[in-house]
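Here are some exercises to work through with the model open beside you. Try each task on your own before reading its solution.

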Amino acid sequence: MKAFFLTLLAFLIVSCSGEGKKKRGVDYAKFKSEVTLTPEQEKSYDEITSRYQKQAEQNFEAAKAQGGQMDRVALAIKSEEIREKQAQEMAKVLDPTQMEKFNTYVDKNSRKRPRYTNQLLEQIKTETQLSDDQFAMLNAANDAFEKSFNDAHDVYHGNTEMAKEYWNKFDSQRKEALKKAFTPEQYAKYLEIVKDQSFKGRE
């Protein structure tokens, strides 16, 4: 266990200073051209999206004002929470067909956290029959991967090829750490499950 977490510690070495530039978020105004809203729906839609966009901007500015290196992981978690709450409110305004299109649009145009999703983590846990300790190690390796990739953001920002190189480097380290934590059979099954996980970049 100690050796595993020493590996994770080494995994977190990469650092860079940085605020970076604010990325443009989801263009909610553009979505309105893709659906037909009643005047009442449009009014509520504009109010909801405006309110949550302001929250997102406030979170970004607060993170930037902390000094030192921005905690991009924490910011990403807050962004996910905002989108989830916004969707809950929007479901009361849009009909089911419109809501499905809205969710698809937001998912396609919002920044994804560079990590295994909670659904994928649960799939790995179930199909590889991980113990609680092994699952904790999986989560730790996944968190370390996300932190390392985000910490390197200002190094690769704007360079997709470099971002891909960093992603692959940290992914290899994530896999190597888990190879030490899993049995050979579990590790082979894990690799099968994550074989389609690759860099998807808007960096």
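A nonpolar core is a set of buried Ala, Val, Leu, Ile, Met, Phe, Trp, Tyr and Cys residues joined through side-chain atoms within 4.5 Å. Keep in mind that this is a predicted model.

**Exercise 1. The cores**

Task: find the largest nonpolar core and say which elements give two or more residues to it.

Solution.
- Step 1: The largest nonpolar core has 17 residues, and Tyr 28, Phe 31, Tyr 45, Met 90, Leu 94, Met 99 and Phe 102 have the most contacts inside it.
- Step 2: Two or more residues each come from helices H2 (28–31), H3 (39–64), H4 (72–90) and H5 (96–109). H5 provides the largest share, 4 residues.
- Step 3: Now take Tyr 45 and set aside its neighbours within four places in sequence; its contacts are then Tyr 28, Phe 31, Lys 32, Leu 37, Met 90, Val 93 and Phe 102.
- Step 4: A second core, separate from this one, has 16 residues, among them Leu 121, Ile 124, Tyr 187 and Ile 193.

**Exercise 2. A glutamine in helix H4**

Task: decide whether Gln 86 is buried or exposed, and list its contacts beyond four places in sequence.

Solution.
- Step 1: Gln 86 belongs to helix H4.
- Step 2: The cut-off for buried is under 20% relative accessible area. Gln 86 has 2%, so it is buried.
- Step 3: Outside its neighbours within four places, Gln 86 is in contact with Tyr 28, Ile 48, Thr 49, Tyr 52 and Phe 102.

**Exercise 3. The two faces of helix H6**

Task: work out how the buried residues of H6 are arranged around its axis and what they pack against.

Solution.
- Step 1: In H6 (residues 118–128), the buried residues are Leu 120, Leu 121, Ile 124 and Thr 128.
- Step 2: Because these residues cover an arc of only 105 degrees around the axis, they lie on the same side of H6.
- Step 3: On the face turned away from that buried side are the exposed residues Asn 118, Gln 119 and Thr 126.
- Step 4: The packing partners of the buried residues are helix H7 (132–151) and helix H10 (184–193).
- Step 5: Just after H6, look for Gln 129, which has a positive phi of about 55 degrees.

**Exercise 4. Rings and a charge**

Task: describe the aromatic pair of Tyr 116 and Tyr 190, then find the rings that the charged end of Arg 174 sits over.

Solution.
- Step 1: The Tyr 116 and Tyr 190 rings are edge-to-face, at 6.3 Å centre to centre and 70 degrees between the planes.
- Step 2: Tyr 116 is in the loop between H5 and H6 and Tyr 190 is in helix H10, so this pair ties together parts 74 residues apart in sequence. Both Tyr 116 and Tyr 190 are buried.
- Step 3: The charged end of Arg 174 sits over the ring of Tyr 116, 3.7 Å from its centre, and also over the ring of Phe 145, 3.7 Å from its centre.
- Step 4: Arg 174 also forms a salt bridge with Asp 171, with the closest N and O atoms 2.9 Å apart. Arg 174 and Asp 171 are both in helix H9 (residues 160–181), 3 residues apart, about one turn of the helix, and both are buried.

**Exercise 5. A salt-bridge network**

Task: find which residues are joined with Lys 32 into one network of salt bridges.

Solution.
- Step 1: Glu 42 and Lys 32 form a salt bridge, their closest N and O atoms being 3.2 Å apart.
- Step 2: Glu 42 is in helix H3 and Lys 32 in the loop between H2 and H3, 10 residues apart.
- Step 3: Glu 42 is partly exposed at 33% relative accessibility, and Lys 32 is partly exposed at 22%.
- Step 4: Through shared partners, salt bridges join Lys 32, Glu 42 and Asp 46 into one network.

Notes. Residues numbered from 1 in each chain as written. Predicted model: local features only at pLDDT ≥ 70, side-chain atom pairs only at ≥ 80, totals over all residues. Heavy atoms only, no water. Buried < 20%, exposed > 50% of the residue type's maximum accessible area, 1.4 Å probe, protein only. Contact = heavy atoms within 4.5 Å. Arc of directions from axis to C-beta. Phe/Tyr/Trp six-rings, centres within 6.5 Å; stacked < 30°, edge-to-face > 60°. Lys NZ or Arg CZ within 6 Å of the ring centre and 35° of its normal. Salt bridge = Lys/Arg side-chain N within 4 Å of Asp/Glu carboxyl O.
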